[in-house]
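User: Please take one part of this model and go through it closely, from its layout down to single residues. A connected account would suit me better than a list.

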Amino acid sequence: MQPLRGSGHVAVHPRHPRAAAVTDDALLEQWRAAWPAALAAWSRYTRLRDARLCRTSVEAAGEGLHGSFAMIRLLDQSVVIDLQGVREQGLQGYAVEILAHEIGHHVLAPATAADQFRLLARLRRALPTLEAHAPMVANLYTDLVINDRLQRQAGLRIDHVYRLLEQARPSPASSKLWTLYVRIYEQLWQLPKGDLGGGAADEATDTDAWLGARLIRVYARDWMDAAGRFATLLLPYLAGQQQQVTEFYRLADTRDAAAGCDPAGAQQIEAGERETPVHPVDDPRISGLDQAPGARAASDERPPDGGQAREPFDYGELLKAAGITLSDEQIAVRYYRERALPHLVSFPKMPAPLSAELQPEGLEPWQTGDPLEEIDWLASVVQSPRPVPGVTTVQRQYGREAARPPKPLPVDLDLYVDSSGSMPDPRTRTSFLALAGAIVALSALRTGSRVQVTLWSGKNEVIVTPGFVRDEDQVLGVLTGFFGGSTCFPIHRLRQTFAAPRDRLTHILMISDDGISTMFDNDEQGNSGWAVAARALANGGAGGTMALDLRQDWDSGQHTGWLQQPYRDIARARDEQGWEIHAIAQAESLVDFARAFSRRHYTNPHVQSHAKHRSRP
């Protein structure tokens, strides 16, 4: 057994008999007692719930900890430690160091689920074809940021921990990535080459380690900005060594850190994420060199404006990288709900007109000159048994209280969305049909309406909600489905829904292209689609709208004979039956249509505030 370099004592291999000298109960109490010191390593004001200390790996697995001996949960701001795993790594005596490191993930990097999403997004962009390693690279990067601070500013023995981790490594052969990683620590802390282990480092690896150490120091306060640079530095070491990176899994304490968290805002692309990843050698702040010929410095980056949204597939991959386990259907529902939220109508407000009945309120002094009959003698006597007019006499004030009028009955929505082959799959690429449908449907639900959604494509290719519902997930679940087949409007759905007048007014909304003209064909029973459509409008009672992918001048040739049959049918539906036609030249314009439609149909224009009036009887 070799002595632990720089530690002042002899290392004990985890399988050595002395490693089990401390009982489970004693080890548990030892680590529990170290928690306040670990918090104080960051600040005396740091507060977190007590660490979850598990005696066995089985108990730790029940907390969601697998493969490593420690982890954090951003969902409930928890730290979980597997004490059995701690023994196996020989780290029993480093409770403060390990606990302080896990606390650092909560207070510094990534600190929040939102920052974890941002970090992973930037790393995935900087790791082309190797995006699957983004969670591991995020772990290594945040570990460096935290450990450098704890080693230098808190005076903790982080270097001792890595010496023990080197001794407990399952394979004596070091990968190039591990060698680079520990060499970065040696550069940061000015340790002799090889002091923390790793294999022999060549000149190129030493140079990269120096760049990595500079990156950690230079961007210590802006660590998010340098994430892509760190990934670019590691990229050559990851390529072709996918099997060797498994040795880092025992250090993966943030791999599933965001599990269970709400990915609010994760669909947005930040301006910083759009920057072209820069290698640290091309960043003058890190290298200290002038910009190399042909290289582009970080300060010269011109990222596109922020506020862009990532595609559904990328959004799903980002959630999975953060440890959020959802099906593709659930991811699509979350994606379109998030994108629709900024466009929804406000929650409805009800005006409160004044009631006709006067209500007694407070008391005011009765003064000489006021009508005598306005004296409240009972209240005056209560104040003084011998009333003195104008001194102890009082009068009662009356006012009108606001009364809520009868709640207006909202208009229900019957929504039909085209999912034929000319439409995108909402689960892989942004479907503005699904997004527009989500905006309108969620706005309707917000105002108390009920919504029925029908997704259609070819014959017998139909998905529909179970009638008119008030459940967002059911509505979005249908909207985010996909067929990609032929085009055949489900006339039977329209016929069955409006076979008789509905008990509530219902507006019919179609989102499609010129394929909507198939709704005027004969149905499977031989009924004319024109008759079905006319009956639907009459029994719905609230009109119908078609938002269609058409050129703006789609009906300009109506009288010159060049209009095709679908266009003639659409024009006829407008002119004879009263369908409101909106030509949408670009798919993105569907969002503007949905916003305007929602405000026109689901916003009360008569909302106003009524001041409370006071008057005398």
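Analyst: Two strands count as paired here if DSSP finds at least two bridges between them. The model is a predicted one, and the part chosen is its open sheet. That sheet is formed by 6 strands in the order S10-S9-S8-S11-S12-S13, with mixed pairing. Strand S10 (462-464) and strand S13 (580-583) are the edges; each has a single partner strand, so one side of each is left without a neighbour in the sheet. Direction ignored, neighbouring strands are turned by 15° against each other on average.

Strand S8 (412-418) is a useful place to begin. It is largely enclosed by the rest of the structure, because 7 of its 7 residues are buried. Its side chains go two ways: Asp-412, Asp-414, Tyr-416 and Asp-418 point one way, while Leu-413, Leu-415 and Val-417 point the other way, and all are buried. Three aspartates are therefore among the residues that fall under the 20% cut-off for relative accessible area.

With S11, S8 pairs in the parallel sense over 6 bridges. Within that pairing, Leu-413 has His-507 of S11 as its bridge partner. S8 also pairs in the parallel sense with S9, over 6 bridges, and here the bridge partner of Asp-414 is Gln-452 in S9. The chain gets from S8 to S9 by way of helix H15, and this β-α-β crossover is right-handed.

Strand S9 (residues 451-456) is in turn joined to S10 by 3 bridges, and these two strands run antiparallel. Leu-455 stands opposite Ile-463 of S10 in this pairing. Across S8, S9 and S10 lies helix H16 (residues 472-479), which runs at about 20° to S9. Helix H18 (residues 529-540) packs on the sheet as well, where it touches strand S11 (506-513) and strand S12 (541-549), and its direction makes about 130° with that of S12.

The crossover helix can be followed further through one of its residues. Ile-439 lies in H15 and counts as buried because its relative accessibility is 0%. Leaving aside neighbours within four places in sequence, Ile-439 is in contact with Ala-340, His-343, Leu-344, Val-591, Ala-594, Arg-595 and Ser-598. Pro-342 is 97 residues from Ile-439 in sequence, yet the two C-alpha atoms are 8.9 Å apart in space.

H15 also links this part to the packing of the chain as a whole. The largest nonpolar core has 136 residues, and Trp-31, Ile-81 and Tyr-141 touch the most other members. Helix H15 (residues 432-446) supplies 12 residues, the largest share of this core. Another core lies apart from it; this one has 27 residues, including Val-532, Ala-536, Ile-570 and Trp-579. Two of the named members, Val-532 and Ala-536, fall within the residue range of H18, the helix that packs against S11 and S12.

In short, S8 pairs in the parallel sense with S9 and with S11, whereas S9 and S10 run antiparallel.

Note on methods:
Residues are numbered from 1 along each chain as its sequence is written. This is a predicted model: local features need pLDDT of at least 70, side-chain atom pairs count only at pLDDT 80 or more; totals for chains, interfaces and linings use all residues. Side-chain values use heavy atoms; hydrogens and water are left out. A nonpolar core is a set of buried Ala, Val, Leu, Ile, Met, Phe, Trp, Tyr and Cys residues joined through side-chain atoms within 4.5 Å. Buried means under 20% relative accessible area, exposed over 50%, partly exposed in between (1.4 Å probe, protein chains only). Helices (H or I, at least four residues) and strands (E, at least two) are DSSP runs, numbered from the N terminus. Axes are lines fitted to C-alpha atoms, for helices over the stretch in contact, and angles run from 0 to 180 degrees between N-to-C directions. Contact means heavy atoms within 4.5 Å. A crossover is right-handed if, with the strands pointing away from the viewer, the path from the first strand over the helix to the second runs clockwise.
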